[in-house]
Amino acid sequence: MPDGSEPILDVHDLKTIFRTRDGEVHAVNSVSFSIRPGELLGVVGESGSGKSVTMMSLMGLLPSPPAEVVRGDIRYQGHDVRAMSEAQLRKLRGGDIGFVFQDPMTSLNPVFTVGYQLVEPLRIHLKLSKRAASVRAAELLALVGIPDAAKRLGDFPHQFSGGMRQRVMIAIALACDPKVLIADEPTTALDVTIQAQIIELIKDLRQKLGMAIVWITHDLGVIAEIADRVLVMYGGQIVEHAPVRELFRNPQHPYTRALLETIPRVDGARDARLRSISGQPPSLAAHPASCPFAARCPHAFERCLAENPARRLVSPGHDVACFWDFATGGAHHG
Amino acid sequence: MLNYTLRRLMFAIPTLLLISFIIFAILDLAPNDPTASLPLTIPPDVRQQIRESLGLDQAMPIRYFKWCVQFFWNEPLNILEQWTGWTIGDSENRLRVISWQTRSPVVDLIVERMPQTLWVVGMSYVLGILIALPIGILSAYKQYSWFDQFGTLFSMAGFSVPTFFTGLLFIVIFSVNLQLFPSVYDTTHEVTDWASFWVQVRQMIMPTMVLALFNAAQISRFMRASMLDNLQQDYVRTARAKGVRERSVVLIHVLRNSMIPVVTVIALGVPQVFGGAIITEQIFRVNGLGQLLIVGIQGADIPLVQTLTFIFAVLIVAFNLVADLLYGILDPRIRYD
C-alpha cells in the first residue's frame with residue numbers, strides 16, 4: 001500500500017540507553033524508519049533486539065531513569081516529539097497514538113471495571129460526558145467483537161478470557177480514533193486460534209479505520225500475513241528493511257536469511273532437526289563498533305569486526321546493513 | 001458475602017471459647033496469690049478464708065464455668081437492662097465479674113478506662129496512618145531519592161527505638177527543657193470550653209505523637225513496598241499509554257491496587273493498638289486499658305486480667321474478619337461465596 005504521501009511518523013537516528021548499576025545498556029542504536037498513513041509496518045527480531053524499546057522510546061513510555069533517549073529526531077506529522085512538553089505528549093499518547101501491549105493478563109488494571117478503563121481515554125482526550133463516553137465505550141467493545149458489549153462494561157478484567165482481554169486492550173487503544181496504532185507483540189501471549197482471531201480483527205479494523213499500524217512480533221508467519229513493509233532488528237539496530245514480499249523472496253542480510261531458515265516448511269522434505277541460529281545475541285554494553293551479527297554470521301570477514309555496516313540500498317525500498325553481497329557472493333564494495 | 005460473614009462469625013464462637021479457656025488455664029497455672037499483696041500481719045487462716053470467699057477453693061473447671069456464665073450471660077443481660085431499662089429476672093442478685101482488687105464490676109472499670117484509651121491510642125493510630133500513607137507513596141514513587149532515604153531512616157528509627165525511650169526523650173525535651181507540654185496526662189480534666197479543650201489537646205500531644213511515630217514507621221514501610229510492587233506492573237504502562245496524567249496514574253491506578261494489602265495490615269493492627277499501648281500509657285500516666293491490665297497483673301486480679309485479655313482476643317478475631325471482608329470489598333478478584 002505504500003504511496004507517495006508524507007510519513008505520519010518519521011524517526012531518524014534514535015538512540016536509547018539504559019543506565020543500570022552494571023553500566024550502560026545500548027538498547028537502541030541509530031534506528032531510523034518512517035511510516036505512512038494507513039500502512040502496516042512489521043518489526044521483527046528476537047527477544048532483546050530492541051523492538052519494543054524503540055517503540056516505547058518514541059512516546060516516552062520507558063521508565064526514566066534508567067532509560068534515556070539520548071539522540072534522535074522523532075517527528076509526528078512534522079512535529080518534533082522530543083521537544084514536546086509532558087502535556088503535549090499526553091495528548092499524543094492514547095489520543096493520536098494507541099498502544100496494545102503483549103500480555104493482556106497484566107496490562108489491564110485488575111481493580112477497575114473494563115468500562116472505567118475504556119471510558120478513561122474518552123474522557124481525557126475527547127472530553128466526552130460520562131453518558132456519551134459509556135455509549136461510545138459500548139460501541140468500541142462491539143467493534144472489537146465482544147458480545148453483549150453494553151452489559152460487559154461493568155465487568156472486571158478477570159471476568160474475561162485472554163483473547164477477550166486483548167480485544168478490550170485493542171478497544172482501549174482505538175478509543176480516540178488514533179492515526180497510529182503501535183501493537184507490541186499483541187498475539188504472543190495468546191494461543192494460536194485466538195491469535196488468528198486477533199490478526200483477523202486488526203486486519204478488519206485497519207480496513208475500516210485506515211490507521212497506520214506498527215506491529216512488533218518475533219513471528220515471521222504473522223508478518224508475512226499482514227505487513228506491508230518489514231523492519232528486521234538485531235542488537236538494537238535495523239539490519240534490513242524491505243517490502244514484505246521482497247523480504248521473503250530476496251532477503252539480503254545473513255540474519256534475515258538465518259531467521260527464514262529456522263521456519264520449518266509445511267510441504268516438501270524436512271530436515272531431521274529444526275534449524276536454529278547458533279551463538280548468542282550480542283551484549284549491548286557499548287555503542288556497537290562492529291557488526292552486531294558478526295560473531296554468528298557465516299559470511300563474516302575482517303571488515304565486519306572492525307566497522308559497523310551502515311544501511312545501503314539494494315533496490316528501491318529495500319536496504320540492508322551488511323558488507324556481504326549475496327548477488328555477487330562476495331564483499332560489497334562501497 | 002453475607003453468607004461468608006455469618007459462617008465466619010459462627011466459626012468465631014468455638015475459637016473464642018477455646019481462647020477463653022486457654023487464658024483461664026494459663027492464669028490458673030501461674031503462681032499468683034491475690035492475698036500476697038495484703039499486709040503480712042494477716043494470719044494464714046484468715047488468708048485462707050479470703051481465698052475461699054473469692055471462690056479459689058473450688059476446682060478450676062468450676063471456676064471457669066462460673067466465669068463463663070458471668071461473662072457470657074450475666075454481663076450482656078446487665079448491659080441490656082441498662083440500655084432498655086427493663087428488669088429481667090433477679091437482676092439484684094445476678095453475679096457479675098467482680099475485680100478482686102477494687103470489688104467493683106470489671107465491666108464498669110473497663111467502661112471507665114475506655115475513653116482515655118480511645119482518645120490517646122485511637123488518635124495516635126489515625127495520626128500514624130495519616131503520616132504513613134503519604135510518606136510511603138512518595139518514597140516509592142521517588143525510590144532512592146533523598147526523600148526516600150530520609151523516609152527509610154525515619155521508619156527505621158521509629159520502628160527500632162522502643163516507645164519507652166521516645167516517650168522519656170519527649171518528656172525530657174518538651175516537658176522538662178522546653179516546658180511546652182505537661183508530662184502527666186490528667187484524666188479528670190473535663191473539656192467545657194475552648195481553653196479547656198486546648199489543655200486537653202496539649203496533654204494529648206506527647207503520648208499521641210510517641211505512638212503515632214511508632215505506628216507510622218511500620219505502615220509507611222508496608223505502603224512503600226506495596227506501591228513499589230504495583231508501580232512495576234504492566235497496567236501502569238497501559239495507563240500512561242492512554243494519556244492519563246501522572247498524578248492520576250499514581251493516585252488512582254497504582255494507589256487503589258496498593259491499598260489492598262495495606263488496608264488489611266491497618267485493620268489487623270487495630271487490636272494491637274489496645275494491647276500495645278501499655279508502656280506508653282504507663283509513661284504518661286494515661287490510665288487507660290493498658291494501665292488497667294498492668295495493675296491487674298501486679299495484684300493477681302484474675303477476673304480483671306482474664307476479662308481484659310479475653311476482650312483483646314475478641315478484638316483480634318473480629319478485626320481478622322474485618323480485614324478479610326475489606327479484602328473482598330477492595331479486590332474484585334476475591335469473592336466469598
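**Exercise 1. Contacts along the chain**

Task: In this predicted model, what percentage of the contacts in chain A between residues at least 6 apart in sequence join residues at least 24 apart?

Solution: Start with the pairs of chain A that are in contact and sit at least 6 apart in sequence. Next, keep those whose residues are at least 24 apart; they make up 66%. Now add the matter of burial: 45% of the 334 residues of chain A count as buried.

**Exercise 2. Overall build**

Task: How many helices and strands does chain A have, and why can chain A be called as compact as a globular protein of its length?

Solution: First, take the secondary structure, which comes to 12 helices and 14 strands. Second, compare two values: the radius of gyration of chain A is 21 Å, and the globule rule gives 20 Å for 334 residues. These values are close, so chain A is as compact as a globular protein of that length. Third, look at the extent of the C-alpha trace, which spans about 65 × 50 × 45 Å along its principal axes.

**Exercise 3. Walking across a sheet**

Task: Which strands of chain A lie at the edges of the open sheet of 8 strands?

Solution: Write down the strand order in chain A, β6-β7-β8-β3-β9-β10-β12-β11, and note that the pairing is mixed. The edge strands are β6 (97-100) and β11 (312-315) of chain A, since each pairs on one side only. From one strand to the next, the twist averages 20°.

Now zoom in on one edge. β6(A) runs parallel to β7 (residues 180-184) of chain A, and 4 bridges join them. For A:F99, the bridge partner in β7(A) is A:I182. Helix α7 (residues 162-174) of chain A packs on the sheet and touches β6 and β7 of chain A. The direction of this helix makes about 170° with that of β6(A).

**Exercise 4. Where two chains meet**

Task: Which helix gives the most residues to the side of chain A that touches chain B?

Solution: Begin with the totals: the contact takes 22 residues from chain A and 18 residues from chain B. Then list the helices of chain A that each supply at least two residues to this side: α2 (86-92), α3 (104-107) and α4 (114-125). Of the contributors, α4(A) gives the most, with 4 residues. Finally, sort the residues on the chain A side by kind: 10 are nonpolar, 7 polar and 5 charged.

Technical notes
Residues are numbered from 1 along each chain as its sequence is written. Chains are lettered from A and ligands numbered from 1 in the order in which they are written. This is a predicted model: local features need pLDDT of at least 70, side-chain atom pairs count only at pLDDT 80 or more; totals for chains, interfaces and linings use all residues. The radius of gyration is taken over C-alpha atoms; the globule rule is 2.2 Å times the number of residues to the power 0.38. A residue is buried if 20 or more other C-beta atoms lie within 10 Å of its own, exposed if 12 or fewer, and partly exposed in between; C-beta atoms are placed from the backbone. Two residues are in contact if their C-beta atoms, placed from the backbone, lie within 7 Å. Two strands pair if DSSP finds at least two bridges between them. Axes are lines fitted to C-alpha atoms, for helices over the stretch in contact, and angles run from 0 to 180 degrees between N-to-C directions. Ala, Val, Leu, Ile, Met, Phe, Trp, Tyr, Cys and Pro count as nonpolar, Asp, Glu, Lys and Arg as charged, and the others, Gly among them, as polar.
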